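Hi everyone, thanks for making time for this. Please pull up the sequence and the model on your screens, and we'll walk through them together.

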Amino acid sequence: MGSTKEIFIPLVLLTVAVFFGIWTDEMGWCLLGATLIWIWIQGTEYRKVRKWTKNPMRKPSNGLDNWFALAYRPYRSLLRQRQRTQAMAARLRQILRLAEVVPDGVIILGPNGEIEGLNNAAKDMLELSDADLGISLASVVRSPDFVHFLRPNGVAEPLEFTSPYDAEVSLEARRIDVASTSEDPSGAIILIRNVTTLNRLLTMRQSFVANVSHELRTPLTVVAGYLETLVDPQQDTALKLEVLPKLNSPIKRMQSLVDDLLLLTQLESTPVSDQKTPVNMRRVIEGAVHELQGLLASDDQITICCESEHHVCGVETELHSVCVNLLSNAVRYSPEGSHIDISWTNVDGKCRLAVQDAGVGIAPEHLHRLTERFYRVDMSGARAKGGTGLGLAIVKHVLRRHDSGLQVRSELGTGSLFFCDFDPCTETSSSAL
Ligand code: ADP
């Protein structure tokens, strides 16, 4: 870069001063005047640079080459830095926009652990807000495990911790360290997801497997014991013949358990909508009572009362299993021969299926758990009565598929009422009758 103006101006001033000096014969004064003018020009340029330093993002207004270059070079570099920062901010905004579609919480941390960006999921999970931007994450979320996990020197193993704001919620955090470059200092991305449901499902799966194994073990042990007798050549034939019919009960028990499990799986995995037809509930109730004849002490132990003529839009076999399960429970948990009522009535624009018994009843603390798989009020007593512990779980699933739900009213020692309400079917096709 030449300094043309820088040399040009003193040259012109010198020439003019020499010319006037010769002309006026006052060379000294003329040279002094030229020097003063030159100093005044430099002073003006200096003031312009000083003024520019107060707002260095503005283009400098200096006219002289060297003074201009003095201000223009840092101005250019500031401009480049601003463009880079703007591009980075735009990239960060874009990343955060993308992070919004991720269901997990995403937090971008700067080199000192300060929050640079976070999506809405992270705000909800850790009760953060935009006001926390720039603040250290460890100082905002005060869970000791989490604070330890945020330290950048540790191994970035996923951390499961209880939400600091809700003891019922389990969260899992993962830290991805971002290596530093000469341009960008290091930082980290924290991914947080809610694992409460997942944990619950894992526990449910474990207890389900444990329950099924437990339910199968007892009848299997009985069968194995009888088989030992049957294959023993030293046992006499009369005893073996006596043992044979005893195999029936444990085998039946295992069969009902497997049948119920398969039915439950089918109810959970197949859609119901295209299988629904108008179902005649009177016929379903009569069929269920007929099926239970073997369990009843007398033919008139169950009273049927069908006041409603409405049908239900549903799957007949499933509604049949609801009636069979409710009735067989009523029989099994009542004293022998005790009376049971099953009714199909109109109640407040709905149709109600109700089974009332005068049996042992259920204490209030058990009522909300009755439809859980394998839940029994009296474990050993219920098994002895031949139940699989899945009956009411099946009822719950079937009712859910028919837009209904099971309701129970019960009093210990007095009896129980199990009922559910259905929307009446509007189309009553004769084929279903
Ligand atoms: P189970 O095959 O053991 O009967 P269910 O799912 O049908 O399993 O019922 C769950 C539990 O609810 C039963 O073990 C029993 O303790 C209780 N229960 C169900 N129906 C009745 C009833 N009508 N009276 C009293 N207790 C009942």
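Let me begin with a question: how much space lies in the largest cavity? About 30 Å³. Please keep in mind throughout that we are looking at a predicted model. A search of the whole structure turns up 1 cavity of 30 Å³ or more. Its lining is made of Glu215, Leu216, Pro219, Arg253, Met254, Leu257, Gly387 and Thr388. Two elements, helix 7 (196-231) and helix 9, give two or more residues to that lining. Sorted by class, the lining residues of the cavity come out as 4 nonpolar, 2 polar and 2 charged.

Now for the pocket. The largest pocket holds about 1,300 Å³ of space, and 47 residues line it. Nearest its centre you will find Ser328, Arg332, Gly386, Gly387 and Thr388. You may recognise Gly387 and Thr388, since they also line the largest cavity. Which helix gives the most to the lining of the largest pocket? That is helix 11, with 9 residues. Several elements supply at least two residues each, namely helix 9 (248-269), helix 11, helix 13 (379-384), helix 14 (391-401) and strand 12. As for the classes, the pocket lining has 18 nonpolar, 17 polar and 12 charged residues.

Let's stay with helix 14 for a moment. How many of its 11 residues are buried? The count is 9, so helix 14 is largely enclosed by the rest of the structure. If you want to click through them, the buried ones are Gly391, Leu392, Ala393, Ile394, Val395, His397, Val398, Leu399 and Arg401. These buried residues pack against helix 9, helix 11 and strand 12. Just past the end of helix 14 sits Asp403, which has a positive phi of about 55°.

Next, the sheets. A quick reminder from class: strands of a sheet pair through backbone hydrogen bonds, either parallel or antiparallel. One open sheet here has 5 strands in the order 7-9-10-12-11, and its pairing is mixed. Why is one side of strand 7 (302-306) and of strand 11 (407-411) left without a neighbour in the sheet? Both stand at the edges and each has a single partner strand, so there is no neighbour on the other side. On average, neighbouring strands in this sheet are turned by 15° against each other, ignoring direction.

We can see both kinds of pairing here. Strand 7 and strand 9 run parallel, joined by 5 bridges, and Cys306 stands opposite Trp344 in strand 9. Strand 9 (residues 340-347) and strand 10 (residues 350-357), on the other hand, run antiparallel, with 8 bridges between them. Among the bridge partners, Ser343 goes with Ala354 in strand 10, and Thr345 goes with Arg352. These two strands, strand 9 and strand 10, make a hairpin with 2 residues between them. In the turn, Asp348 has a positive phi of about 50°.

What packs on this sheet? Helix 10 (residues 281-291) lies across strand 7, strand 9 and strand 10, and runs at about 175° to strand 7. Helix 11 (residues 316-332) packs on the sheet too, touching strand 7, strand 9, strand 10 and strand 12 (415-422). The direction of helix 11 makes about 25° with that of strand 10. Remember that helix 11 is also the one that gives the most to the lining of the largest pocket.

There is another open sheet of 5 strands, in the order 2-1-5-4-3, with antiparallel pairing. Its edge strands are strand 2 (115-118) and strand 3 (159-162), each of which pairs on one side only. Here, neighbouring strands are turned by 25° against each other on average, again ignoring direction. Inside this sheet, 5 bridges join strand 1 (residues 105-109) to strand 5 (residues 187-194), and Leu109 stands opposite Ala188.

One last stop: where is Ser129? Ser129 is in the loop between helix 4 (120-126) and helix 5 (137-140). With a relative accessible area of 33%, Ser129 counts as partly exposed, because that class covers what falls between the 20% limit for buried and the 50% limit for exposed. The C-alpha atoms of Ser129 and His368 are separated by 38 Å, and the two residues are 239 residues apart along the chain.

Thanks for listening, everyone!

Key
Residues numbered from 1 in each chain as written. Predicted model: local features only at pLDDT ≥ 70, side-chain atom pairs only at ≥ 80, totals over all residues. Heavy atoms only, no water. Pairing = 2+ DSSP bridges. Helix = DSSP H or I, 4+ residues; strand = E, 2+ residues; numbered from the N terminus. Axes fitted to C-alpha atoms, helices over the stretch in contact; angles between N-to-C directions. Contact = heavy atoms within 4.5 Å. Buried < 20%, exposed > 50% of the residue type's maximum accessible area, 1.4 Å probe, protein only. 1 Å grid on protein atoms, 1.4 Å probe; cavity = no way out; pocket = protein on both sides within 12 Å on 5 of 7 lines; lining within 4 Å. Points joined across faces, edges and corners; volume = space filled by probe spheres on them. Nonpolar A, V, L, I, M, F, W, Y, C, P; charged D, E, K, R; others polar.
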